[in-house]
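Trainee: Please pick one part of this structure and go through it closely with me. I would like to follow it step by step, with the reasons spelled out.

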Amino acid sequence: LQASPRPAIAAIEWLFDRGAAQAGAALQKHVPAGVETLAGQPYRREPTALAFDLHRPAGSAGRVLPLIVWIHGGAFVSGRKEDVAEYAKIVAARGFAVASLDYTLAP
């Protein structure tokens, strides 16, 4: 008889989500002004719709910037691109474009 891994996955999800919320709240005071976000940019429609958020210095549209592609943690069972938004904005304020993307999570 093999036990279901689902209770362990639920615990990991809860821990990761809680940690992400706490980290985001703590970082909000460090996010500088002058960063714009283009949220929910689609990069895949089928079989599952996926999107990314692009954070960049305000007024930089049309300029070539170094791009950082940020893939959130979460062990493929938890996490969202919004969980790292404050980190991405802090980096973007230093002259980078930061694409933070979602990916398909395990059931």
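Mentor: Two residues are in contact when heavy atoms of theirs lie within 4.5 Å. Keep that in mind, and keep in mind that this is a predicted model.

The part to look at is strand β4, which covers residues 97-101. Five of its five residues are buried, so β4 is largely enclosed by the rest of the structure. The cut-off behind that word is a relative accessible area under 20%. In a regular strand the side chains alternate between the two faces of the sheet. In β4, A97, A99 and L101 point one way, while V98 and S100 point the other way. Both sets are buried.

Next, the strands beside it. β3 and β4 run parallel and are joined by five bridges. One place to find this pairing is I68, whose bridge partner in β4 is V98. Between these two strands the chain passes through helix α2, and this β-α-β crossover from β3 to β4 is right-handed. β4 also pairs with β2, here in the antiparallel sense and over four bridges. In that pairing, D53 stands opposite S100 of β4.

The helix of the crossover, α2, spans residues 85-92, and its buried residues are A85, E86, A88, I90 and A92. β4 is among the elements that cover them, and the cover also includes α1, β1, β2 and β3.

Now follow the chain past the end of the strand. L105 lies in the segment after β4. L105 counts as partly exposed because its relative accessibility is 33%. Leaving aside residues up to four places away in sequence, L105 touches F76, V77, S78 and G79. R80 is 25 residues from L105 in sequence, yet the two C-alpha atoms are 9.5 Å apart in space.

R80 leads to the charged side chains. Side chains of opposite charge can pair when their charged atoms come close. R80 has a salt bridge with E82, at 3.6 Å from N to O. R80 has another with D83, where the closest N and O atoms are 3.4 Å apart. E82 in turn forms a salt bridge with K81, with the closest N and O atoms 2.6 Å apart. These links belong to one network: salt bridges that share partners join D53, R80, K81, E82 and D83. D53 is therefore worth a second look, since D53 also stands opposite S100 in β4.

The members of this network are not equally covered. R80 is partly exposed because its relative accessibility is 45%, and E82 is partly exposed because its value is 33%. D83, on the other hand, has a relative accessible area of 17% and is therefore buried. K81 is buried as well, with 7%. The total for the model is five salt bridges.

To put it together, β4 is largely enclosed, with β3 running parallel to it and β2 pairing with it in the antiparallel sense. The segment after β4 holds L105, which touches residues including F76 and G79.

Notes
Residues numbered from 1 in each chain as written. Predicted model: local features only at pLDDT ≥ 70, side-chain atom pairs only at ≥ 80, totals over all residues. Heavy atoms only, no water. Buried < 20%, exposed > 50% of the residue type's maximum accessible area, 1.4 Å probe, protein only. Pairing = 2+ DSSP bridges. Right-handed = clockwise from strand over helix to strand, strands pointing away. Salt bridge = Lys/Arg side-chain N within 4 Å of Asp/Glu carboxyl O.
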